[in-house]
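Here are my notes on this model, written for someone meeting a structure of this kind early in their studies. Please keep the sequence and the 3D view open while reading the numbered points.

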Amino acid sequence: MSLVVRCLTCHHRARWRDVGAPEPVEVLQTGGSRRPAIPHELAAWRVWARSLRGELGPVVGRCPHCDQPLISEQPDGPSPVSWVLPTPLGEVQIETEQIQLDGEVQDLASIDERLEAAMAPRFSPRSLFDIRNLFGGVFLLILGVLASLWVMAALFLVRFIIAVGVQDNVAIPLPP
Ligand SMILES: [Zn+2]
């Protein structure tokens with residue numbers, strides 16, 4: 001039975017003859033140039049976690065271009081492969097039925113939480129100067145300038161109204 005596999009990272013998509021025959025019969029989309037923006041292991045884990053939760057089809061191999069998990073598009077098709085993921089917490093062994101961290105069986109929710117906490121990129125002050133954040137920074141700056149101009153205009157108007165009010169109330173002696 002042939003199956004269609006795809007890589008969520010680099011969009012490689014191919015038709016395989018079988019799970020055990022990872023030579024593509026037909027490449028449906030070449031892909032291959034895109035790389036994960038987050039750490040490689042975290043990207044692979046996120047695909048695995050979605051697959052294990054049933055949001056994606058089973059993982060049936062490694063992408064020949066970017067080494068990320070390849071997903072089968074047939075959700076109830078082949079059984080997934082096993083995977084060894086080196087992480088800051090230790091070696092995570094992912095099997096069809098269970099996940100182990102250094103030989104200890106883990107449940108999906110808790111290991112997911114721990115891996116995310118250990119590997120997800122945190123905010124760093126340096127990212128403020130990142131060129132990708134420049135647009136947002138300039139936009140905020142313009143908003144800030146507009147807001148302060150508005151406040152200044154409002155204050156000016158208030159002072160003007162008060163001044164006019166005071167002037168009206170001053171009794172100007174009429175000439176006899
Ligand atoms: Zn790929």
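1. Of the 176 residues of the protein, 20% count as buried, and this value, like every other one below, belongs to a predicted model. Among the contacts with a separation of 6 or more, 42% join residues that are 24 or more positions apart.

2. The secondary structure comes to three helices and nine strands. Following the chain along its sequence, one reads the pattern β-β-β-α-β-β-β-β-β-β-α-α, and it helps to keep this pattern at hand while finding the elements named below.

3. Which residues touch the most other members of the largest nonpolar core? This core has 24 residues, and the ones in question are Val5, Cys7, Ala44, Val47, Trp48, Leu70 and Ile71. Two or more core residues come from each of β1 (3–7), β2 (13–18), α1 (40–52), β4 (59–62), β5 (69–72), β7 (90–94) and α2 (108–119). The element that gives the most to the core is α1, with five residues.

4. Strand β1 deserves a careful look, since four of its five residues are buried, so that β1 is largely enclosed by the rest of the structure. It pairs with β2 in the antiparallel sense over four bridges, where Val4 has Arg15 of β2 as its bridge partner. Strand β1 also pairs with β5, again in the antiparallel sense, over three bridges, and here the bridge partner of Val5 is Ser72.

5. Val5 can be used to see how these strands come together. Leaving aside residues up to four places away in sequence, Val5 touches Ala14, Trp16, Val60, Gly61, Leu70, Ile71 and Ser72. Val5 is also one of the core residues that touch the most other members, and the student may like to select it in the viewer and look for each of these contacts in turn.

6. Two residues have a backbone angle that merits checking. Most residues other than glycine have a negative phi. His11, although it is not a glycine, has a positive phi of about 65°, and it is found in the loop between β1 and β2, a hairpin with five residues between the strands. Is His11 buried, partly exposed or exposed? It counts as partly exposed because 16 C-beta neighbours lie inside 10 Å, whereas a buried residue would need 20 or more and an exposed one would have 12 or fewer.

7. Asp67 is the second case, with a positive phi of about 70° although it is not a glycine. Its place is in the loop between β4 and β5. Asp67 has 16 other C-beta atoms within 10 Å, and it is therefore partly exposed.

8. In what order do the strands of the open four-stranded sheet lie? The order is β6-β7-β8-β9, and the pairing is antiparallel. The edge strands, each pairing on one side only, are β6 (83–87) and β9 (104–106), and from one strand to the next the twist averages 30°.

9. Within this sheet, β7 and strand β8 (residues 99–101) run antiparallel and are joined by three bridges. One pair to look for is Ile94 with its bridge partner in β8, Ile99. Helix α1 packs on the sheet, where it touches β6 and β7, and its direction makes about 135° with that of β6.

10. Helix α1 also packs with α2, at an angle of about 160° and with the axes 11 Å apart. That angle makes α1 roughly antiparallel to α2, because angles over 145 degrees count as roughly antiparallel. The crossing of the two helices is left-handed. Where they meet, α1 provides Glu41, Leu42, Trp45, Ala49 and Leu52, while α2 provides Leu108, Asp112, Leu115 and Met119.

11. A last point concerns Leu52, which lies in helix α1 and is among the residues of that helix that meet α2. With 18 other C-beta atoms within 10 Å, Leu52 is partly exposed. Leu52 and Ile94 are 42 residues apart in sequence, and their C-alpha atoms are 9.7 Å apart in space.

Key:
Residues numbered from 1 in each chain as written. Predicted model: local features only at pLDDT ≥ 70, side-chain atom pairs only at ≥ 80, totals over all residues. Core = buried A, V, L, I, M, F, W, Y, C linked by C-beta atoms within 7 Å. Contact = placed C-beta atoms within 7 Å. Pairing = 2+ DSSP bridges. Axes fitted to C-alpha atoms, helices over the stretch in contact; angles between N-to-C directions. Parallel < 35°, antiparallel > 145°, perpendicular 65-115°, else oblique. Left-handed = near helix turned anticlockwise from the far one by under 90°.
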